[in-house]
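Okay, thanks everyone, I'll keep this short. Have a look at the structure first, and then I'll walk you through a few bits of it.

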Amino acid sequence: MTTPLAPVASTRDAPLSLSVLDAIRRQVEENWSLPAGAREAHDLLVEIHILLLSDGTVRVAEIVDTARLDQPGEEFFRSMAESAVRAVRRSSPFRDLPPEKYEQWREITFRFRPPV
Amino acid sequence: MRTKFVIFFAALFLVAACETVPEETASTAGAGAAAETTTSAGVSGEAVSTEPSSTEVSTAMPAGPTPGTQEDLVVNVGDRIFFDFDKAVIMAAAEKTLKRQAAWLKQYGGVTVTVEGHCDERGTREYNLALGERRANAVKNYLVALGVDAGRIATISYGKERPEALGHNEAAWSQNRRGVTAVN
Amino acid sequence: MSAYRRHTGSFRSAILALALLAASGSSARAELTIDITRGNIEPMPIAITRLVGEGDEGRLGQEIARVVSADLQRSGLFRPIDQRAFIQKPEAMKVRPRFGDWRQINAQALVNGLIEREADGRVKVTFRLWDVFAERQLTGFIYRSVRTSWRRIAHKIADDIYKRITGELGYFDTRIVYIAESGPADRRVKRLAIMDQDGANHAFLTNGRDLVLTPRFSPTAQEITYLSYFHDQPRVYILNIDTGQQEVVGDFPNMTFAPRFSPDGNRVIMSLATDGNSDLYTMDLRTREFRRLTENPAIDTSPSYSPDGGQIAFNSDRGGSQQIYVMDADSKKVRRISFGAGRYATPVWSPRGDLIAFTKMHKGQFYIGVMDPDGKRERLLTSGFLVEGPTWAPNGRVLLFFRQSPGVGSEEGETRLYSIDLTGYNERLMVTPIDASDPAWSPLIP
C-alpha cells in the first residue's frame with residue numbers, strides 16, 4: 001500500500017491470467033516429492049520465497065521461516081521445507097511466462113501444504 | 001507321550017475317514033462316531049448302559065484295547081468333545097461323552113488325565129490360547145461336577161497350534177474346536 | 001512423542017504464517033502467492049556412490065553402499081539410481097560434488113564417502129549427504145567399528161539419510177525376532193529365530209523341541225520374552241540373546257502367556273490363566289513382585305503398554321466379543337476403544353504413542369489396521385485369509401505382520417512376514433529361510 005508500483009502500460013498492468021498461474025502451480029507440483037509423513041501433517045505450512053530472472057530461471061529460493069529450521073523437534077518442518085525448495089529449483093526455468101508481465105511474476109511466494 | 005498321541009490321532013482319523021460326515025453336523029457326528037464304537041465294544045459300566053447296545057458287533061471285535069488306557073478311552077468312551085465357534089459351553093452332544101468319561105475315570109481310579117483345549121484357526125494366537133484354556137477347564141469342571149477328583153485332571157491349552165483336521169473350511173474348523181482328554 | 005510435538009509445532013507455524021501474511025500485506029511487497037497442495041508420492045531419486053577406499057576397504061565400501069541402497073529402496077520412500085548411470089566418479093568428489101552432473105541424472109540427493117583402515121585394524125567410514133538442488137551438505141558422520149560390524153555401519157548411514165530427508169527417525173539398525181515354522185500343521189515345529197531387519201545374520205535361537213510362540217524384545221534389545229511349552233507347561237520365559245541363558249518368569253501352577261516388557265524394561269506384563277480364566281498381571285523383574293491388573297471372568301490378553309508406560313491396551317471379550325480396551329496403569333480404570341463391526345485383537349501401541357495397531361476379524365476376513373488411542377479414525381491397511389500380529393518399526397511408520405495363505409487343495413499355504421507402510425502403501429515380503437510368524441521388531445540397537 002505504501003510503496004507505489006512503477007507506472008506501467010495497460011497490458012503489463014492487467015493481472016496474470018489464471019492459466020499462467022495454473023501453469024506455474026502445476027510445474028511446482030509435478031516436481032514436489034512429498035516427504036514421508038506429509039499425509040498426516042495436514043496443518044503444516046511452508047512458505048518459499050523466490051526471485052526469477054526474466055527467462056524464468058530461479059535466481060533465489062528461500063525458506064521464509066528460517067528461524068524454525070534448526071530448532072530441535074522441527075526436523076519434519078525442515079524436511080518439508082527442503083523438499084519444497086527442491087521442488088522449486090527443479091522447476092527452473094519456469095516456462096510460458098508472459099515477458100511483458102515480468103514485474104508481476106519476478107517475485108513469488110509459494111505456500112506448500114501437504115495434501116489432504 | 002508324543003508317539004502315543006500320534007497313534008491315537010491316527011486311529012481317530014481312520015474312524016473319521018470311514019464316515020461320510022455332513023459338514024454342518026460334523027462336530028456332533030464326530031462325537032456320535034465315538035459313542036457307537038463305545039457300545040460296540042461293550043464296555044460294562046453305568047454310563048454305557050443307557051446307550052443303544054449292539055452286542056453282535058461286540059462279538060465281532062473280541063480283541064479290544066487294554067482297559068484303562070488311552071486307546072480304551074478313545075475307542076470305547078470317546079476322548080473328545082466339540083465346541084461352537086468362540087465358545088466354551090458344553091453342548092448337549094458333548095454331555096453324553098463327558099458322562100461316559102466320568103464313569104470311565106471312576107472305574108479306573110488310578111488314571112490321571114490332561115484335558116487339552118484346542119481352537120480353530122479363525123482367531124488370533126493369544127486369544128485362542130486363552131479360549132483353549134477356557135475350553136479345557138469347561139471339560140474339567142464338568143467331570144469334577146460328575147464326581148471325578150479334580151486332582152486327577154490337569155489342563156493345557158494349545159490354542160490353534162495343534163489342529164486335528166488340516167483343511168481351511170468349516171468342516172475342518174468344527175473338528176478343531178475341541179476338548180481332548182488324554183491319559184497321562 | 002515427536003508426532004505430538006510436530007502437531008503443536010505445525011499449529012504454531014500456521015498462526016505464524018497468518019501473521020506473516022498480514023505483515024506482508026501491509027508492507028506491500030509486490031506479492032504473487034501461489035498455494036501448492038499437491039505433490040507426487042514417487043520415491044525420491046537418490047544417488048548412492050560406493051565409498052572410496054583402497055583394496056579390501058574399497059570392496060567393503062561398495063558393499064556398504066549396496067546395503068544402504070537396499071535399506072532405502074525397501075522403505076519405499078527412495079529410489080536409488082543405478083550406479084552405471086553416474087557421470088562423476090566417486091574418487092573425483094573428494095572436495096565437492098559437481099552438482100550439475102547429478103542433476104543431469106535426476107538425483108535429488110547424493111551420498112558419497114570414504115572408507116579407511118585404522119592402525120588398530122578397525123574401519124573408519126566418513127559419509128556425506130548432499131542436496132543436489134540446494135548444492136549443500138545436509139548431513140555427514142564418521143563411524144568407526146570393527147570390520148565385522150560393517151553392516152551395522154551401513155544401516156546407521158541409511159538411518160541418518162532417512163532421518164535427514166524425511167524428518168522421521170530411521171529403523172534400519174534393528175533386528176527382527178520371529179517364530180520360524182516347519183512341518184505339517186498338526187505337528188508344526190516352531191523355533192525362535194532372529195535376523196537383522198534386512199534378513200542378514202539369520203540365526204535360530206531354539207532347537208524346535210518345544211513349541212515356542214509370541215516373542216517380544218526388551219527395550220535394550222538384549223532380551224526376548226516369549227512363551228515356551230517346555231516340559232508341556234506353557235510358561236513365559238526370558239532369553240538373553242548374547243549369553244543364551246533362559247529363565248522362566250515367576251513360578252505359577254497354570255499357563256502364563258502373551259508376555260511383553262514394560263517400556264522401562266523393569267517389568268513383564270502377561271496373562272495368567274486361573275481355572276480357565278485369563279487375567280493380566282505384571283511381574284517386577286527385580287523385586288519379583290507380582291501384581292494383578294484385571295479381575296474379570298472374561299479373557300484379558302495381548303497387552304501393550306503406551307510408550308510412556310501410563311496406559312495399557314489389551315483385548316478382552318468382557319463385552320461379549322473380542323474388543324480392544326485401554327486401562328490406566330495406575331488407577332486400573334478401563335475403557336473400551338474399539339466399536340467397529342467385527343472382532344478386534346492384538347492392540348500394539350505405536351512407539352510414537354499416536355496410534356494403536358490391531359488385528360481385526362470380520363466376516364471371515366482378517367485385517368491389519370490402525371486407530372487413534374481413543375479408538376477414532378480407524379484405518380485398515382491390509383487384509384487376507386489370515387493376517388495377524390502387527391509390530392511397529394521403532395519410528396512408528398512401518399508395520400510388520402504375518403500372513404498365512406490357506407493353500408490350494410491338499411497343498412498347504414505359506415506363512416510369511418510382510419511389512420507395510422503406515423499409509424497402507426508398499427506392502428512387501430520380508431524374506432525368511434522358512435515359514436515365519438509372530439514377528440517382533442526391535443527398538444533401534446543401542
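**Where chain B meets chain C**

So, between chain B and chain C there are 17 residue pairs in polar contact, counting pairs where both residues are at pLDDT 80 or more. And yes, keep in mind that this is a predicted model.

Which parts of chain B do the touching? Helix 1 (2-18), helix 7 and strand 3 (153-159) each put at least two residues into the side that touches chain C, and helix 7 has the largest share, with nine residues. If you sort that side by class, you get twelve nonpolar, five polar and eleven charged residues.

On the charged theme, six salt bridges run between the two chains, B and C. One of them pairs C:K190 with B:E161, with the closest N and O atoms 2.7 Å apart.

In area terms, about 3,000 Å² is buried between chain B and chain C, and carbon and sulfur atoms give 54% of that. B:R122, B:R125 and B:E126 supply 24% of what chain B buries against chain C, more than any other three residues.

Back to helix 7 of chain B, residues 125-145. At 1.5 Å a residue, its 21 residues should span 30 Å, and the end C-alpha atoms are indeed 30 Å apart. Also, 17 of those 21 residues are buried, so the helix is largely enclosed by the rest of the structure. After the helix comes B:G147, with a positive phi near 105°.

Last stop: B:T114, in strand 2 of chain B. Buried or exposed? Buried, at 13% relative accessibility, because the cut-off is under 20%. Its side chain makes a polar contact with the side chain of B:N184, at 2.6 Å.

Technical notes. Residues numbered from 1 in each chain as written. Chains lettered and ligands numbered in written order. Predicted model: local features only at pLDDT ≥ 70, side-chain atom pairs only at ≥ 80, totals over all residues. Heavy atoms only, no water. Helix = DSSP H or I, 4+ residues; strand = E, 2+ residues; numbered from the N terminus. Expected span 1.5 Å × (residues − 1). Buried < 20%, exposed > 50% of the residue type's maximum accessible area, 1.4 Å probe, protein only. Polar contact = N/O pair within 3.5 Å; in protein donor to acceptor, adjacent residues only side chain to side chain. Buried area = accessible area lost by both parts, 1.4 Å probe. Salt bridge = Lys/Arg side-chain N within 4 Å of Asp/Glu carboxyl O. Nonpolar A, V, L, I, M, F, W, Y, C, P; charged D, E, K, R; others polar.
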